[in-house]
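Subject: The structure we talked about

Hi,

Here is the structure I promised to send over. Could you open it next to this email and follow along as you read?

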Amino acid sequence: MARLDIQDLVKRYGDFHAVRDVSLSIEDGEFLVLLGPSGCGKTTTLRMVAGFIEPTAGTVRLGGADITRLPPWKRNAGMVFQNYALFPHMTVAENVAFGLEMRKVPKADIARRVEETLALVRLAGYGGRLPRQMSGGQQQRVALARALAVRPDVLLLDEPLSNLDAKLRQEVRVEIRELQRQLGLTTVMVTHDQEEALTMADRLVVMSEGRVRQVGSQRDLYERPADRFVAGFVGRTTFLEGTVEAPGRFRSDGGLALACAGGAPGKAALSLRPERVEIAPAGDAAALARLDNRLPGTVEFVSYLGALVDIHVRLSPTDRLVVQLANREGGFTPDVGQPVQVGWNAPAAQVFNA
Ligand code: ATP
């Protein structure tokens, strides 16, 4: 196990910057997730750590040693790929043994370690099968066993669950996380699946356009997003576009005058999480009286999600926001076309200057 330090990592393809100055430190035993939209550079970053892509600039240190220019098999890293990348003509045991053979581990030790590792991923007794004789979830565990067999200092997971169906994904997610904790493995995982990222990570890194936008805990990213991109990417939010006219005063492009907290005078957007907005029938004057902002609106769309209900409320020709309600018995759930009022306290909305 070891600490991983990535410093000023850059990858350019011609004029195109796939990764720009990425610096990250991953503590010994930590589970870090790189999260971001397609093409943001997360896989490229992971592959530079694994040694499959050569960085244009920057360094990768594992346990203090500079591994930037080492070939993959000389770095003590275990990698699991999205498509498992098992060798189809080799048995499960031969697949798991592969990394050990590359590292010239003695034959007797290889057999023992393959068995131990298959047991670890709950595949004891499957060593003689071919990958095509295994289910998707089992193949994924073989890929994990192959990565773990070399007793890596760092485990690198590239969208390891995306080929599995939703239910299996949830199970394997928990299995991987428990195994990682049990082994105390420093781990970096790439995913574009937010729920996966939020449930598995100790810490998350949000990337876009080759850059790190924010590093933090789930709560940091959701409640204190560093910028508008992170606010929009992590969880759901509605943006009201407008201007901070004076400290504490926001006017939307649709003419709504609102109290706000923070933000400098000038063009800005208010970000409102759907569960932070309250809603009440239009005529109930007392219902939202305690809130800084109260606005009349009309329900345009109701989306029933089971435990939650999303209500899209039109506030002006250009302003609309989403309110999310827990689906409680006897709770207020308006119908489409119904006049309502919505409200929130100023600090519940974040202000991002343009
Ligand atoms: P995804 O979730 O879709 O896998 P990602 O965030 O992992 O996306 P990367 O695979 O790291 O994205 O790619 C980052 C950017 O670099 C993309 O715009 C991609 O098109 C570009 N890129 C990747 N490999 C090459 C290459 N060999 N030549 C040129 N551009 C490349």
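Let me begin at the ligand, where threonine 44 uses its side chain: an N or O atom there is 2.5 Å from an oxygen atom of the ligand. Please keep in mind throughout that this is a predicted model. Two neighbours of the ligand use their backbones instead. In cysteine 40, a backbone N or O atom lies 3.0 Å from a ligand oxygen, and a polar backbone atom of glycine 41 is also 3.0 Å from an oxygen atom of the ligand.

How much of the ligand does the protein cover? On its own the ligand has 640 Å² of accessible area, and the protein covers 58% of that. The elements that give two or more residues to the shell around the ligand are β2 (16–26) and α1 (42–50). Of these, α1 provides the largest share, with three residues.

If you would like to highlight the whole shell, select Tyr13, Phe16, Ala18, Pro37, Ser38, Gly39, Cys40, Gly41, Lys42, Thr43, Thr44 and Glu159. By character, the shell divides into five nonpolar, five polar and two charged residues.

Next, the pockets. The largest one has a volume of about 420 Å³. It is lined by 17 residues, and those closest to its centre are Phe52, Met79, Phe81, Phe98 and Arg103. Which elements give two or more residues to this lining? They are β6 (77–80), α2 (92–102) and α4 (136–149). The lining of the largest pocket counts 13 nonpolar residues, two polar and two charged.

Finally, some strands to look at further along the chain. Strand β16 (residues 293–304) pairs with strand β19 (residues 339–344) in the antiparallel sense, over six bridges. One place to see this pairing is asparagine 293, whose bridge partner in β19 is tryptophan 344. β16 also pairs with strand β17 (residues 308–314), again antiparallel and over six bridges; here serine 303 has aspartate 310 of β17 as its bridge partner. β16 and β17 form a hairpin with three residues between them, and in the turn glycine 306 has a positive phi of about 95°.

There is another hairpin to look at, made by β9 and β10 with two residues between the strands. Strand β9 (residues 203–208) and strand β10 (residues 211–216) are antiparallel and pair over five bridges. Serine 208 has arginine 211 of β10 as its bridge partner. Which residue of this hairpin takes a positive phi near 50°? That is glutamate 209.

Happy to go through any of this with you at the screen.

Best wishes

Methods
Residues are numbered from 1 along each chain as its sequence is written. This is a predicted model: local features need pLDDT of at least 70, side-chain atom pairs count only at pLDDT 80 or more; totals for chains, interfaces and linings use all residues. Side-chain values use heavy atoms; hydrogens and water are left out. On a 1 Å grid over the protein atoms alone, a cavity is a set of points where a 1.4 Å probe fits but cannot get out, and a pocket is an open set with protein on both sides within 12 Å along at least five of seven lines; lining residues have an atom within 4 Å of a point. Grid points are joined across faces, edges and corners, and a volume is the space filled by probe spheres set on the points. Helices (H or I, at least four residues) and strands (E, at least two) are DSSP runs, numbered from the N terminus. Ala, Val, Leu, Ile, Met, Phe, Trp, Tyr, Cys and Pro count as nonpolar, Asp, Glu, Lys and Arg as charged, and the others, Gly among them, as polar. A residue is near a molecule or strand if one of its heavy atoms lies within 4 Å of it. A polar contact is a pair of N or O atoms within 3.5 Å; within protein, one must be able to donate a hydrogen and the other to accept it, and residues adjacent in sequence count only if both atoms are side-chain atoms. Accessible areas come from the Shrake-Rupley method with a 1.4 Å probe; for residues, only the protein chains shown count as cover. Two strands pair if DSSP finds at least two bridges between them.
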